[in-house]
Amino acid sequence: MIISTEKSTQNLTYPYLPPSNSSTTSPNQSLLPLTAKTNDRDRLEVGGCDVTELLQQFGSPLYILDEVTLRTACGQYRDAFKHYYPGSSQVIYASKAWSCLAVCAVIAQEGLGFDVVSGGELYTTLEAGVSPEKIYFHGNNKSREELQFAVDKDCAIIVDNWLELQILAEITDPAKPTRILLRLTPGIECHTHEYIRTGHIDSKFGFDPNQLPEVFKFVAQQPGLNGIGLHAHIGSQIFERQPHQDLGGVLVDWMAKALDAGLPISELNIGGGLGIRYTEADDPPSIEEWVKTAAESVAKACDDRGLAYPKLISEPGRSLIGSACITAYTVGGRKTIPDIRTYITVDGGMSDNPRPITYQSVYRAVVGNRMSAKPSEIVTVAGKHCESGDIVLKDAHLPLTEPGDTLIILATGAYNYSMASNYNRIGRPAAVLVKDGDATIIINRETYADLLRQDRLPQRLKP
Ligand code: LLP
């Protein structure tokens, strides 16, 4: 069943207010970054920086990442696991949400580890100075080269399938066994978009439960493989707590069987998946509530079976970084089709945020240079790409905008930059990290020359 993510963007709260008590707010429940406020020029400020001024300084469009919100989310995860789980724990950031040097460095400073899913993500985290001991390498079709890279660096590998196990058995060194976790499909359904559900049985990820007894036997016999853990991930942008409550029992049952088969299991990885608020209609549990559910369920399942508490790993992506970033655009022209629709355009779109066209995702927009202006029309915000489906936000309830206004889309930290493209040869926007009134470039805006960097013109085609 496909659950539509389409929501109404009407009946929103105006004037738009930042979170009232930012120190206790769970970032994933806040539409705006925690430091957001409206300044005395009636403009949105994030991290002490006026967003409209940032566009003048760094160009448009611009990703603006609030360091305080990102660090707060890391801290809330870390503290909640310490509080609710009686054993040891490690939160690892699913870096597919946004992988770049500065993001990895901030998160590493907060003590988190990293989930990487490709040689490129692994390289990025290593270059950011992350210790390999805290890196877990995922993926359902890792190449031999990627596996070799992770083995050489001494990362933990989350093994997805038989082929990978066989390659690892060949390339690992019995004198220095590689830590592996086995990924399984837990058979748990959840309500999210079909494309981002992974825990149900018909999934390309992980071992099917009926393969596991044989897998355990195989791993136990490989001197180069140290089968330290099991992993499952149910899906993404999940608001229910039940799936993660159920997951504890499923994983602990399999842990008991793996221990019986002789594997030295000491880690359980429950994946990520906690949703965030993209519009007022979204109501995700807080980070603390989610951690409490997941941690207590694993602890109880261990108590019920008389097993020692494994190290509990979780790998959130979206709920760590999603609400920490906004994308600021500049408004262009408008087109009114009488009795049908009014379009306004912005200077970006599906190349900097492919989520609306891919998943019909709905965001919240604010006019950043007139924060208290009342919404007075329903318009569709279109991107600048040559594609009718390049709609940033359909039927948005907005104040009247003019060319040059700052249109801000909220909660764009997760799966925006990381899924961005150069469609129509549009360079990816710059990203700045903001804190205490300071804005630092963390990703340069792509230039025309950048777009040609990998192009080669054969001699015989040269003019
Ligand atoms: N662990 C595994 C194994 C995953 O596959 C994912 C996400 C995560 C952790 C992190 O999940 P999160 O906490 O971010 O929900 N591009 C889609 C989301 C794809 C998620 C893929 N896996 C989107 O834009 O909504």
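Student: From which domains does the shell around the ligand draw at least three residues each?

Tutor: Keep in mind that this is a predicted model. To read a ligand shell, ask which parts of the chain supply its residues. Here both domain 1 (7-66 + 323-447) and domain 2 (138-316) give at least three residues each.

Student: How many residues surround the ligand, and which are the closest?

Tutor: There are 20 around the ligand, with Ser236, Arg318, Arg355, Tyr359 and Tyr415 the closest. By type, the shell splits into six nonpolar, eight polar and six charged residues.

Student: Which polar contacts should I look at, given a cut-off of 3.5 Å between N or O atoms?

Tutor: Try both side chains and backbone. A polar backbone atom of glycine 317 sits 2.8 Å from a ligand oxygen. On the side-chain end, lysine 96 has an N or O atom 3.3 Å from an oxygen of the ligand, and aspartate 115 has one 3.5 Å from a ligand nitrogen. As for cover, the ligand alone exposes 580 Å², and the protein buries 91% of that.

Student: And how far apart are the centres of domain 1 and domain 2?

Tutor: Taken over C-alpha atoms, 35 Å. For a domain pair, look at the contact as well: domain 1 brings 20 residues and domain 2 brings 18. Together they bury about 1,600 Å², with 54% of that on carbon and sulfur atoms.

Student: How many salt bridges and polar pairs cross that interface?

Tutor: One salt bridge, plus eight residue pairs in polar contact. On domain 1's side, the residues touching domain 2 are nine nonpolar, eight polar and three charged.

Technical notes: Residues numbered from 1 in each chain as written. Predicted model: local features only at pLDDT ≥ 70, side-chain atom pairs only at ≥ 80, totals over all residues. Heavy atoms only, no water. Near = heavy atom within 4 Å. Polar contact = N/O pair within 3.5 Å; in protein donor to acceptor, adjacent residues only side chain to side chain. Areas by Shrake-Rupley, 256 points an atom, 1.4 Å probe, with all protein chains shown as cover. Nonpolar A, V, L, I, M, F, W, Y, C, P; charged D, E, K, R; others polar. Domains from an automatic or database assignment. Contact = heavy atoms within 4.5 Å. Buried area = accessible area lost by both parts, 1.4 Å probe. Salt bridge = Lys/Arg side-chain N within 4 Å of Asp/Glu carboxyl O.
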